[in-house]
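Reader: I should like to learn how the strand pairing and the burial in a model of this kind are to be read. Could we begin with the structure in view?

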Amino acid sequence: MARRRMPAEWEEQGGVLLPWPHPDTDWAPWLPEVEACFLTIARAVTRFERLLVAAQAPEGLGARLAAAGCRMDRVRVRPVALNDTWARDFGPLAVEEGAQRRLLDFGFNGWGLKFACADDNQATRRLHRLGAFGDLPLETVGLVLEGGSVESDGRGTVLTTAECLLGPNRNPHLDRAGVEAALGRYLGAERVLWLEHGRLAGDDTDAHVDTLARFAPGDTLIYQGCDDPEDAHFEPLGAMAEELRRFRTPTGEPYRLVPLPWPQAVWGDGGERLPATYANFLIVNGAVLVPTYRGPRDGDALAAVAGAFPGREVVGVDCRPLLRQHGSLHCVTMQLPKGGLP
């Protein structure tokens, strides 16, 4: 039997899943501004590949997508009930077994029982029944796991954080060894790199790795740095950077490290710090879409990502509105494998 493998995000994709905000989500107070952001994301994705839009209220959405400049020959809209829009965490994860691709539907419990999620937890299965993923088989897994909590290099190494995967409200029956065994069984992980440090203020996910550090081609780790000694993130992100320096590739070499500039602080309506991070980028076919926040370091972030992904176009996407609900670009999207969109 062929061993499972979780592809790296920069491998060829079939498209991107993007759930759509609606008035019954927490986006309601800012819905026009947030929908404009989602339209920008949709237009950027369809420049490069297909887009699957999951919409609780799909009426008229196609016309709005077309008016926003999306390539409609690449858009598929499917009706499905949704609590929210965080596809990275309730959407399917793709794996390969030899030439066979399949989707995995892990349990989603609202980031450790924090938020309502009954519809989101069923969204992948419902979309599959609608034929949204073509002929790809779907395997339902009895394990709570969010896509934003794991990074794969495509060669058997998974990067994650201890705070998230060992939290008491996800899989309390599993210790570290049990989690590693599960990642090996379901994702084909041959080894797991654990980050013990690093967290963003305002983060609801218990330190998802896609807000902190990401794999890039050529044994590269690109990560969110903090160069402001007066900022509360300076020490924990510095400790995380030191962990990354100690990590080794499967052949025993140090990783090439690419720090991302520290974004200007963004604050919520109630004065709370919001989790702005440039690490929450989305890789698509031929490009990397990078969240920007209307700050002075946006251009530096685009340049840093370009250095980690040579040969790809780097596109900035204004994601400041997404911070209102404590997420960003990678969080609201999920890449689908080749053949995953009919």
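Author: Two strands are said to pair if DSSP finds at least two bridges between them. The model shown is predicted. In it, strand 5 and strand 6 run antiparallel and are joined by five bridges.

Reader: Which residue stands opposite Val95 in strand 6?

Author: Val95 faces Arg102 across that pairing. The two strands form a hairpin with two residues between them, where Gly98 takes a positive phi near 65°.

Reader: In what order do the strands of the open sheet lie?

Author: The sheet contains four strands, ordered 1-5-6-7, and its pairing is mixed. Strand 1 (4-5) and strand 7 (138-144) stand at the edges; each has a single partner strand, so one side of each is left without a neighbour in the sheet.

Reader: How many bridges join strand 1 to strand 5, and how many join strand 6 to strand 7?

Author: Strand 1 and strand 5 run antiparallel and are joined by two bridges, with Arg5 opposite Glu96. Strand 6 (residues 100-107) and strand 7 run parallel and are joined by four bridges. In strand 7, Glu139 is the residue opposite Leu104.

Reader: How should one read the two faces of a strand?

Author: In a regular strand the side chains alternate between the two faces of the sheet. In strand 5, Leu93, Val95 and Glu97 lie on one side and Ala94 and Glu96 on the other, and all are buried.

Reader: Why is strand 5 described as largely enclosed by the rest of the structure?

Author: The term buried denotes under 20% relative accessible area. Five of the five residues of strand 5 (residues 93-97) are buried, so the strand is largely enclosed by the rest of the structure. The reading for strand 3 (residues 51-55) rests on its own count: five of its five residues are buried, so it too is largely enclosed. Leu51, Val53 and Ala55 point one way from strand 3, while Leu52 and Ala54 point the other way.

Reader: Does strand 3 run parallel or antiparallel to strand 2?

Author: Strand 2 (residues 13-19) and strand 3 run parallel, with four bridges between them. Leu17 is the residue opposite Leu52 in this pairing.

Reader: Which backbone angles deserve attention outside glycine?

Author: A positive phi in another residue type is worth locating and then reading together with its accessibility. Leu113 has a phi near 70° and belongs to helix 4 (residues 110-113). Its relative accessibility is 63%, so Leu113 counts as exposed.

Reader: Where is Asp219 found, and is Asp219 buried, partly exposed or exposed?

Author: Asp219 lies in the loop between strand 11 (213-216) and strand 12 (220-224), and its phi is positive, at about 50°. Its relative accessibility is 26%, so Asp219 counts as partly exposed.

Reader: What do the values for the whole chain indicate?

Author: The chain has nine helices and 19 strands. A compact globule of 342 residues would have a radius of gyration near 20 Å, and the chain, at 19 Å, agrees with this. Its C-alpha trace spans about 50 × 50 × 40 Å along the principal axes. Buried residues make up 58% of the chain. Among contacts with a separation of 6 or more, 75% link residues 24 or more positions apart.

Reader: How much surface does the chain expose, and how many charged side chains does it have?

Author: About 13,000 Å² is exposed, and carbon and sulfur atoms supply 51% of it. There are 36 positive and 46 negative side chains, and the centres of the two sets lie 6 Å apart.

Note on methods. Residues are numbered from 1 along each chain as its sequence is written. This is a predicted model: local features need pLDDT of at least 70, side-chain atom pairs count only at pLDDT 80 or more; totals for chains, interfaces and linings use all residues. Side-chain values use heavy atoms; hydrogens and water are left out. The radius of gyration is taken over C-alpha atoms; the globule rule is 2.2 Å times the number of residues to the power 0.38. Buried means under 20% relative accessible area, exposed over 50%, partly exposed in between (1.4 Å probe, protein chains only). Contact means heavy atoms within 4.5 Å. Accessible areas come from the Shrake-Rupley method with a 1.4 Å probe; for residues, only the protein chains shown count as cover. Lys and Arg count as positive and Asp and Glu as negative; His and the chain ends are not counted. The place of a charge is taken as NZ of Lys, CZ of Arg, CG of Asp or CD of Glu.
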